Amino acid sequence: AIYNTETGEVKHFTSFSAQTDAMVWYKDVLYTGNYTAGCITRINLEDEAKNQVLLTLNDDIYDQARIHTLIAEDDMLIAGSTPDKFKYGGCLAIVDLNTLERTVVPNIVQEQTVNCVAYHDGLVYGTTSIHGGTGAPLRTDLSAKLFIYDVEKKEKVGEFDLRNYLEGFTKNIGIVYGIAPDPNVEENGKFWGMVSETLFSF
């Protein structure tokens, strides 16, 4: 639905039946990440019949149910996904909005869900969760990670266990929450993230 803050008018989209888990507005276009198809959709706000699915991950190859996180940077959609029921292992997915070329990296961190993504200067920074798809038993043998992916090289260039860097974290970490570049990242190279009730920079 769209809510007009000035008039109070609400516009409903009745033909759009997918559950939206993530959305981003980029260059006057709305994109959504949806459940249960694990898809990214370009929304036509004037004509719902013209909605366009750009990527689907709920298939026999990827087995993903949710686009859990979605951002848009440098004419790219960058998404992280949650696997289907009883499964483990999320995907990092990138859609080039100029060519619609799709890059999908399954299990970017082995058997972990991609929880949040950020982007700066050609690199995707992501965080993970040890939780799998609906009904999957909790993996107490895993600890959530932070990873870095090089878009041009199309390869993961870093994976970090934050227990090695954050004071006081000795037990397995279940989820590394939000991640975002500092407003002055160009000068200080700093990012911010969250684990449990702890805000950290790196």
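Here are some short exercises, with worked solutions, on a predicted model.

**Exercise 1. Classify the ring pair Tyr125 and Phe202, and work out where its two members sit.**

Start with the cut-off: rings pair if their centres lie within 6.5 Å. By this rule, the model has five aromatic pairs. For Tyr125 and Phe202, the centres are 6.4 Å apart and the planes meet at 50°, so call this pair tilted.

Now find both residues along the chain. Tyr125 belongs to strand 12 (residues 123-129), while Phe202 is in the segment after strand 17 (198-201). With their positions 77 residues apart, the pair links distant parts of the chain.

Last step, accessibility. Buried means under 20% relative accessible area, and partly exposed runs from there up to the exposed class, which is over 50%. Tyr125 comes in at 11%, so file it under buried. Phe202 has 35%, so that one is partly exposed.

**Exercise 2. Extend the picture from Phe202: how is its pair with Phe200 arranged?**

The Phe200 and Phe202 rings are 6.0 Å apart, centre to centre, with 35° between the planes. Planes under 30 degrees apart would count as stacked and over 60 as edge-to-face, so the label left for an in-between angle is tilted. That is indeed how the Phe200 and Phe202 pair is classed.

Check accessibility again: Phe200 has a relative accessibility of 6%, so it's buried. Then put the rings together: Tyr125, Phe191, Phe200 and Phe202 are linked by ring pairs into a cluster.

**Exercise 3. Which tyrosine ring has the charged end of Arg66 over it, and which one has Arg139 over its face?**

Take Arg66 first: its charged end sits over the ring of Tyr35, 3.7 Å from the centre. Then Arg139, which lies over the face of Tyr88 at 5.1 Å from the ring centre.

**Exercise 4. Walk along strand 4 and into the loop after it, starting from Asn34.**

Step one: Asn34 lies in strand 4, which covers residues 29-35. Its relative accessible area is 0%, so Asn34 is buried. Its side chain also has a polar contact with the side chain of Thr32, at 3.1 Å.

Step two: look at the peptide bond between Tyr35 and Thr36. This bond is cis, with omega about 15°. Thr36 itself is in the loop between strand 4 and strand 5 (39-43).

**Exercise 5. What do Lys27 and Asp28 look like in phi, and are they buried or exposed?**

Locate them before reading the angles. Lys27 is in the loop between strand 3 (19-26) and strand 4, and Asp28 is found in that loop too.

Next, the backbone. Lys27 isn't a glycine, yet its phi is positive, about 50°. Asp28, also a residue other than glycine, has a positive phi near 65°.

Finish with accessibility, where exposed means over 50%. Lys27 has 57% relative accessibility, so it counts as exposed. Asp28 has 66%, so it is exposed as well.

**Exercise 6. How many bridges join strand 13 to strand 14, and which residue stands opposite Lys145?**

Strand 13 (residues 145-150) and strand 14 (residues 155-161) run antiparallel and are joined by six bridges. Lys145 has Asp161, in strand 14, opposite it.

Then go to the turn of this hairpin: four residues lie between the strands, and Lys154 has a positive phi near 55°.

Key:
Residues numbered from 1 in each chain as written. Predicted model: local features only at pLDDT ≥ 70, side-chain atom pairs only at ≥ 80, totals over all residues. Heavy atoms only, no water. Helix = DSSP H or I, 4+ residues; strand = E, 2+ residues; numbered from the N terminus. Buried < 20%, exposed > 50% of the residue type's maximum accessible area, 1.4 Å probe, protein only. Lys NZ or Arg CZ within 6 Å of the ring centre and 35° of its normal. Polar contact = N/O pair within 3.5 Å; in protein donor to acceptor, adjacent residues only side chain to side chain. Pairing = 2+ DSSP bridges.
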